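Trainee: Could you walk me through one part of this model up close? I'd like to follow a single strand and who sits beside it, and then see what lies elsewhere.

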Amino acid sequence: MSKIKVVKEKKTKRSKRGQSNVTSKTRKLPKFAITAVAAVVVAAVALIWALPNLPLRPSAHPQDGYKGVIELWNVESFEGGSGSRSSWLTGRSAKFEAKHSGLFVHVTTLTDAELTQKIADGQTFDIICFSRGSGDAVKEMLAPIDADTSAVRDNMLLAGQIGGKQYAVPLYAGAYCLFARQSQLVQDDLLSKALTQTYTRKIGKNTIELSPMVCGFTPYNSPLTALAMSGGKGNASSIAENVTQYQAYEKFVSNKSSVTLLGTQRDLFRLNQREENGKIEELGFYPLAGYTDLVQFVGVSSSCGEKFSACEEYISYLLSAEAQQTLVNLSLFSVLDTALYTDRRYSALETGLAQAFVPNAFVDAEIIAGQRQTAKSTLAM
């Protein structure tokens, strides 16, 4: 058997020149690779330039608006209908807050006197709800607003303007109306004889004569203007202006004072209940559709700063159909051109408000006093 011969491979000694050539060939890139690299570089540069100019993709978590507390002062100067207007505002605020994380609306209800004191103390609001009389006290503190008022009745919207600019928008409304017991004054004669009809009653051994009409006042309303603008006639000089709205209601219910009550939507609610419960005889009713100053307005402070847009958005919500429809729970009327009621009496008041004259929300007490005297003069003509 022959032996296998193992032959060792000799190492080939490379020259420096040869090694250099091999390295050079390894590093040299083909032309197609160079072209590809260049294309990538150009694309990257183009992308860097274009990115700032591309439209932003909507964020899955958009930036919210103002977060914090909005202070709302609710100044109540006239009687409502039924239920709490403050609670209504709080309820609407809760609905609004549910759609605006981190935002809270704090409602403080005030009288006119309390409003005056807060202003004197240097306290401020972000949003204020008010009616005529209080408007004069806060008009210098308000900013023009641009809330969505497209569905608001024009006659009410104009009442919140100063110099053609919208400084406040109407929020809800009340209305004036006449009542009398049909045994003392029939409904068909209610308007024409409201200031002239008397009635003699015998109570036990005593005989009393009821005066024609009792009427309730607030510091800044003019109910006799509603009677005059609706066509009423008669001598109103003896009508006492220091009788409150509730006192007038009490006098009428007692049946010892007056035949007729010039009342409001609040009296309609109370008297409807009495009729239904058999606590008062059948009443005649007449809506005074020519005029109302029972309108609550809402405005925004000129000093609320970063809250301003949120305040306007809140007001737009209060004017939405969703919020306005809930006014039936207060027996008040919407400022939108919409029907909320099917009850005959409420529907008559609601219809009348569409054409009623609404005085400016910012007039002062002197103008209101003059208006009251004009109403008496007009009725006496």
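Mentor: Sure, let's begin with a pair of residues: Cys129 has Val298 of strand β13 as its bridge partner. Keep in mind as we go that this is a predicted model. Cys129's side of that pairing is strand β3, residues 127-130, which runs antiparallel to β13 over 4 bridges.

Now stay on β13 itself. The strand spans residues 295-301, and 7 of its 7 residues are buried, so it is mostly covered. Strand β3 isn't the end of the story, though. Strand β7 (residues 169-173) also pairs with β13 in the antiparallel sense, again over 4 bridges. If you want a place to look for that one, find Tyr172, which stands opposite Gln296 in β13. Then there's the short strand β4, residues 142-143, with 2 bridges to β13, antiparallel as well. There, Leu142 has Ser301 as its bridge partner in β13.

Next, take a look at an open sheet of 5 strands. Reading across, the order is β9-β10-β11-β8-β12, and the pairing is mixed. The edges are β9 (199-203) and β12 (283-288); each has a single partner strand, so one side of each has no neighbour in the sheet. On average, neighbouring strands here are turned by 30 degrees against each other, ignoring direction. Further in, β8 (residues 176-181) and β11 (residues 258-264) pair antiparallel over 5 bridges, and you can spot the pairing at Cys177, which stands opposite Gly263 in β11.

Two helices pack on this sheet. Helix α9, residues 245-254, touches β8, β9, β10 (206-215), β11 and β12, and its direction makes about 145 degrees with that of β11. Helix α13, residues 344-353, touches β8 and β12, and its direction makes about 15 degrees with that of β12.

One last stop is His106, which you'll find in strand β2, residues 103-110. This histidine is partly exposed, with a relative accessible area of 40%; that value counts as partly exposed because buried means under 20% and exposed means over 50%. Leaving out residues up to four places away in sequence, His106 touches Val69, Ile70, Glu71 and Leu72. With Glu71 there is a side-chain polar contact of 3.0 Å. As for Leu72, its C-alpha atom is 5.8 Å from that of His106, although the two residues are 34 apart along the chain.

Notes: Residues are numbered from 1 along each chain as its sequence is written. This is a predicted model: local features need pLDDT of at least 70, side-chain atom pairs count only at pLDDT 80 or more; totals for chains, interfaces and linings use all residues. Side-chain values use heavy atoms; hydrogens and water are left out. Buried means under 20% relative accessible area, exposed over 50%, partly exposed in between (1.4 Å probe, protein chains only). Two strands pair if DSSP finds at least two bridges between them. Contact means heavy atoms within 4.5 Å. A polar contact is a pair of N or O atoms within 3.5 Å; within protein, one must be able to donate a hydrogen and the other to accept it, and residues adjacent in sequence count only if both atoms are side-chain atoms. Axes are lines fitted to C-alpha atoms, for helices over the stretch in contact, and angles run from 0 to 180 degrees between N-to-C directions.
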